Amino acid sequence: MIAQLRQQVLDGWEKGADFFDERWGDQGDEFHHGVFAPSAERMLGLERGASVIEIACGNGGFARRLGRQGMSVVATDLSPALIAHAERRTETISDQPVDIRYEVVDATVERQIVNCGGPFDAAVCIMGVMSMPMLRPMFGGAWRVLRPRGVFVVVTLHPAYATSGYKFVKPEEDQLPGLKVERYLSRYVTHGVTNTAQTEPQIYFHRPLSELLADAFASGLVLDGMEELPAPEQAEDEAKLIWNMLPDIPMAIALRFRRV
Ligand SMILES: C[S@@+](CC[C@H](N)C(=O)[O-])C[C@H]1O[C@@H](n2cnc3c(N)ncnc32)[C@H](O)[C@@H]1O
């Protein structure tokens, strides 16, 4: 069952790799570079020269952002096709040297993370955990490659709102738009898109926040920071996603774990 799910996840990202690379471009889409990446940076709080392992790096937008700030980065992803795009985009950086090494790594296999080396000052995973059928190997692997006091920042769609079974509620007169959440506590497999132009949604795994945290705590990590992230507010006729019309409901959450 797990092997089948892993294959489905891999097939989805491999098949869509060219499309995602084109849509994300060099620095990710506007939600990535405008909301998720700045939050990850604040939570990581890194100084020049820090060593970082990235899990589920996609086509490398955040790795390049860190590399340009002088970090030493090992950026990893399940999809060989996305890693190839990440390498190609990084090779064309000519205005400054960047220290980024890319590796194909399945984060649901702990030893693949451990094989990346370390110890690292920090680990980061942006919008990756929804694609993983289990999280214990990722948290266990992060614990093992982090130096003591090192941090692991996870940015993900907000489990309470954005991966739960929600429906957008159009406002009646004088009311704000909202969400109706119909299920949250049970785990389930669902589908989602990373881009509104995407015709074939990829498989997503919903888990309540308590389960996500339990997997991190069981691996020896503690939670020491959190941000809840709304999308930038836009009127209905300009909104790219429903989240732009819901400025008081966070579409994403950033969690900072620490190896103590
Ligand atoms: C929504 S994309 C996010 C990519 C990048 N972090 C970003 O924010 O642009 C999800 C990424 O997770 C990767 N992924 C899915 N399952 C994974 C796994 N088991 N191990 C490592 N990466 C995985 C996919 O290949 C894809 O690149």
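A residue counts as buried if 20 or more other C-beta atoms lie within 10 Å of its own, as exposed if 12 or fewer do, and as partly exposed in between. The views below all show a predicted model.

**View 1. Val104, a partly exposed residue of strand β3.**
Val104 belongs to strand β3, which covers residues 99-104. Because Val104 has 14 C-beta neighbours inside 10 Å, it falls into the partly exposed class. Setting aside residues up to four places away in sequence, Val104 touches Asp77, Pro80 and Ile83. For orientation within the chain, the C-alpha atom of Val104 is separated by 33 Å from that of Tyr166, a residue 62 positions apart from Val104 along the chain.

**View 2. The chain as a whole.**
Seven helices and eleven strands make up the secondary structure of the chain. Its radius of gyration is 18 Å, close to the 18 Å that the globule rule gives for 260 residues, so the chain is as compact as a globular protein of that length. Taken along the principal axes, the box filled by the C-alpha atoms is roughly 55 × 40 × 35 Å. Of the 260 residues, 42% are buried, and among contacts with a separation of 6 or more, 70% link residues that are 24 or more positions apart.

**View 3. The shell around the ligand.**
The ligand is surrounded by 24 residues, of which Ala56, Gly58, Leu78, Ala107 and Ser131 are the closest. By residue class, this shell divides into 13 nonpolar, nine polar and two charged members. Helix α1 (residues 2-24) supplies the largest share of the shell, namely three residues.

**View 4. Ala56, one of the closest residues to the ligand.**
Ala56 lies in the loop that runs between β1 (51-55) and α3. Although Ala56 is not a glycine, its phi is positive, at about 60°. With 25 other C-beta atoms within 10 Å, Ala56 is buried.

**View 5. Helix α3, a mostly covered element.**
Seven of the eight residues of helix α3 (residues 61-68) are buried. These are Gly61, Phe62, Ala63, Arg64, Arg65, Leu66 and Gly67, so that the buried set of α3 includes two arginines, Arg64 and Arg65. Just after α3, Gly70 adopts a positive phi of about 90°.

**View 6. Val124 and the largest nonpolar core.**
The largest nonpolar core has 70 residues, and those that touch the most other members are Ala40, Ala123, Val124 and Val153. When neighbours within four places in sequence are left aside, the contacts of Val124 are Ala40, Leu44, Val52, Glu54, Phe62 and Val153. Among these partners, Ala40 and Val153 are themselves named with Val124 as touching the most other core members, while Phe62 is one of the buried residues of α3.

**View 7. The cis peptide bond before Pro119.**
Gly118 and Pro119 are joined by a cis peptide bond, with omega at about 0°. Pro119 is located in the loop between α5 (110-114) and β4 (120-126).

**View 8. Helix α6 and its surroundings.**
Eight of the ten residues of helix α6 (residues 136-145) are buried, so this helix is largely enclosed by the rest of the structure. The buried residues in α6 are Pro137, Met138, Phe139, Gly140, Gly141, Ala142, Trp143 and Val145.

**View 9. Arg149, an exposed residue with positive phi.**
Arg149 is found in strand β5, which covers residues 146-157. Its phi is positive, at about 75°, although Arg149 is not a glycine. With 9 other C-beta atoms within 10 Å, Arg149 is exposed.

**View 10. The antiparallel pair β8 and β9.**
Strand β8 (residues 188-192) has five residues, and the number of them that are buried is zero, so β8 lies largely in the open. Five bridges join β8 to strand β9 (residues 202-206), and the two strands run antiparallel. Within this pair, Val189 stands opposite Phe205 in β9.

**View 11. Arg207, in the loop between β9 and α7.**
The loop that holds Arg207 connects β9 with α7 (209-218). Arg207 has 24 C-beta neighbours inside 10 Å and therefore counts as buried. Apart from neighbours within four places in sequence, Arg207 is in contact with Pro159, Arg187 and Leu212. The C-alpha atoms of Arg207 and Tyr184 are separated by 7.7 Å, with the two residues 23 positions apart along the chain.

Methods: Residues numbered from 1 in each chain as written. Predicted model: local features only at pLDDT ≥ 70, side-chain atom pairs only at ≥ 80, totals over all residues. Near = placed C-beta within 6 Å. Helix = DSSP H or I, 4+ residues; strand = E, 2+ residues; numbered from the N terminus. Nonpolar A, V, L, I, M, F, W, Y, C, P; charged D, E, K, R; others polar. Core = buried A, V, L, I, M, F, W, Y, C linked by C-beta atoms within 7 Å. Contact = placed C-beta atoms within 7 Å. Rg over C-alpha atoms; globule rule 2.2 N^0.38 Å. Pairing = 2+ DSSP bridges.
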